[in-house]
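Here's a quick briefing to read with the structure open beside you. It starts where two domains meet, then moves on to a sheet and some salt bridges.

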Amino acid sequence: MYTYDPHPFREWFERDFTYLAGFRRTVRRFGGRTAMIDPETGEQHTYAELAAQVDSLASGLVDAGVEPGDVVTYQLFNSPAFARLYLATQAAGAVGSPINFRLAAGEIAHVLDDSAPRVFVYDTELTGTVRDALALAAHRPALVVATGAGDPLPGAVRIGELSRDGAPPAPGRTTYDETTRLYTSGTTGMPKGVPLNSLVEVFSAHDVIMHFPLGPEDRTLNMTPWFHRGGLYAAGPNPAFYVGAGVVPLRAFDPYRCLDLVVELGLTYLIGAPTNLEMLARAQADRPRDLSTLRGIVTMGAPLERGACLRYQELLTPRIFNGYGTTETFWNTFLRPEDLPAHAGSAGRASTDDDVRVARIDDAGNTSPETVVARDSEEIGEVVVRSPKGGYAYTGGAEPEKFVDGWVRLGDLATWDADEFVTIVGRKDDMLVSGGENVHPVQVEEALNEHPGVADSLVVGVPDERWGRRVVAYVVPAVDGLTAAECDAHCRAHPMLADFKRPRGYRFVDSLPLTATGKKIHYKAAAQAAADDAAGLFEIAGPSEGARP
């Protein structure tokens, strides 16, 4: 009787079925195709050229002492350099770790100490913040690399100096070895590392290729930064370079420029947050263009309201998608054009390879994926997912209770209906999203409360037409005469507070809403803040529009 032996398949699969191998296959198939177009310079790179650039950079990293498993942290804008580093770190056997270019110096220092990278690459536009971060960090990377037009920091080298001839030696890594480490913010607000292995890279690429679908004839542009999971992996370098599509790295989002590029370059997919779509719709209404090359616009980060969805379908493209997920697990539900507008406002149904449940929360605040809420669009539970795209841990083993038996507790509160369309209703930890960025009230409150004139504070978000939510603060003064300007100056100077987290309005109050045990009731304050903001009761300290840096 024949017995199947899985070892030959397993040996090949575990050793050779890596994301890097997939990129190499793309280069062999489509070497003459355009892999990337730099909209700032107009320069185009074929897959063969990109592969040569990647190997040259990877060889330089190895020559500089990077060994398999070493971390290479890079703080860059969407750019060809970012794309090359994403691939070159894998070719060198290293762990590439792109981080938010909006982080404050103290937050960057935290990341450096957490990951202890051998190499740190930064854009010279960020020189001042990076200088302060390196001074604050206990860990000093062995090599600091600068990219951009500005002068490098003392001791740093320019990225071009790393180039070496030829390909690096095979890294000898398996499909289960870490390839990318993203950073997210937890309930404390400090960034936490999310390790992703090569199989996660492959499954993430497959997911996008299936769901869009994405193919070699497509050309994509991310309107949000690539350091996000939804940037790098949602039609960014990860799936595009795996399937042979072209990417257009847009350094900073501008709706008029973005729509012009659709026409000029024949873009087929745009990816961003609902706030991006709103700005696109206004720009298109102001100056209509032929957007017929678009096969879809994909949004993440917030649900689409029915009225807005209908307007976007009329002004931009009928094919609007909405994905829901996290840094830890990529997207796990997907709302397709066929689901709209009937299911606008929901996050869609489970992605093809994912299990998604809305678990009942017990009296102690715990959940089990085996006990779900009623599929009645009314009972609220916590979203839990099981996905091959997930990073099932944080660096340092933080919050192990979030990862249990292959399931990830996302911390989002939701309902679902009989067809398992999931609708997000809030956060267990009161996080808010402003302009596609996570803002944790606790971190902002801790920073505010360090001001000697502040007795206590409570931070929430209010509806904002441009950013989705705008950060505001209720402040209980410790002294008479405290002003919004003083609070704003304190937040601007705080080394642990990125500028996008800074409150754009303040209201001084005698007390904060608290539970019987003294915990702040953020959801109650959020409801009051919306009314207070509509009544003009928040004092504006910075630019009135809440402009991003």
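Let's begin at the domain interface: domain 1 and domain 2 bury about 570 Å² between them, and carbon and sulfur atoms give 52% of that area. Keep in mind that this is a predicted model. The chain is split into domain 1, residues 31-173, and domain 2, residues 432-540.

**Where the two domains meet**

- On domain 1's side of the buried area, Arg102, Ala104 and Glu107 are the trio to look at, since they supply 67% of what domain 1 buries against domain 2, more than any other three residues.
- Measured out in residues rather than area, the contact involves eight from domain 1 and nine from domain 2.
- The centres of domain 1 and domain 2, taken over C-alpha atoms, lie 36 Å apart.

**Polar and charged links across the interface**

- Which side chain does Glu107 meet in a salt bridge? The partner is Lys501, with an N to O distance of 2.6 Å.
- Glu107 also belongs to the trio that supplies 67% of the area domain 1 buries against domain 2.
- Two salt bridges turn up across the interface of domain 1 and domain 2.
- Between domain 1 and domain 2 there are five residue pairs in polar contact, counting pairs with both residues at pLDDT 80 or more.
- Helix α5, residues 105-115, gives the most to the side of domain 1 that touches domain 2, namely three residues.
- Sorted by class, that side of domain 1 has four nonpolar, two polar and two charged residues.

**A four-stranded sheet**

- Four strands make an open sheet in the order β25-β26-β27-β28, and their pairing is mixed.
- At the edges sit β25 (454-464) and β28 (539-540), each of which pairs on one side only.
- How do β26 and β27 pair, parallel or antiparallel? Strand β26 (residues 468-477) and strand β27 (residues 505-508) run in the parallel sense, joined over four bridges.
- For a spot to click on, try Ala473, whose bridge partner in β27 is Tyr506.

**Salt bridges elsewhere**

- The structure as a whole holds 34 salt bridges.
- One of them joins Asp63 to Arg164, with the closest N and O atoms 3.0 Å apart.
- That pair ties together distant parts of the chain, 101 residues apart: Asp63 is in helix α3 (residues 47-63), while Arg164 is in the loop between β7 (157-158) and β8 (178-185).

Key. Residues are numbered from 1 along each chain as its sequence is written. This is a predicted model: local features need pLDDT of at least 70, side-chain atom pairs count only at pLDDT 80 or more; totals for chains, interfaces and linings use all residues. Side-chain values use heavy atoms; hydrogens and water are left out. Domain bounds come from an automatic or database domain assignment. Contact means heavy atoms within 4.5 Å. Buried area is the accessible area (1.4 Å probe) that two parts lose on being put together, summed over both. A salt bridge is a side-chain nitrogen of Lys or Arg within 4 Å of a carboxyl oxygen of Asp or Glu. A polar contact is a pair of N or O atoms within 3.5 Å; within protein, one must be able to donate a hydrogen and the other to accept it, and residues adjacent in sequence count only if both atoms are side-chain atoms. Helices (H or I, at least four residues) and strands (E, at least two) are DSSP runs, numbered from the N terminus. Ala, Val, Leu, Ile, Met, Phe, Trp, Tyr, Cys and Pro count as nonpolar, Asp, Glu, Lys and Arg as charged, and the others, Gly among them, as polar. Two strands pair if DSSP finds at least two bridges between them.
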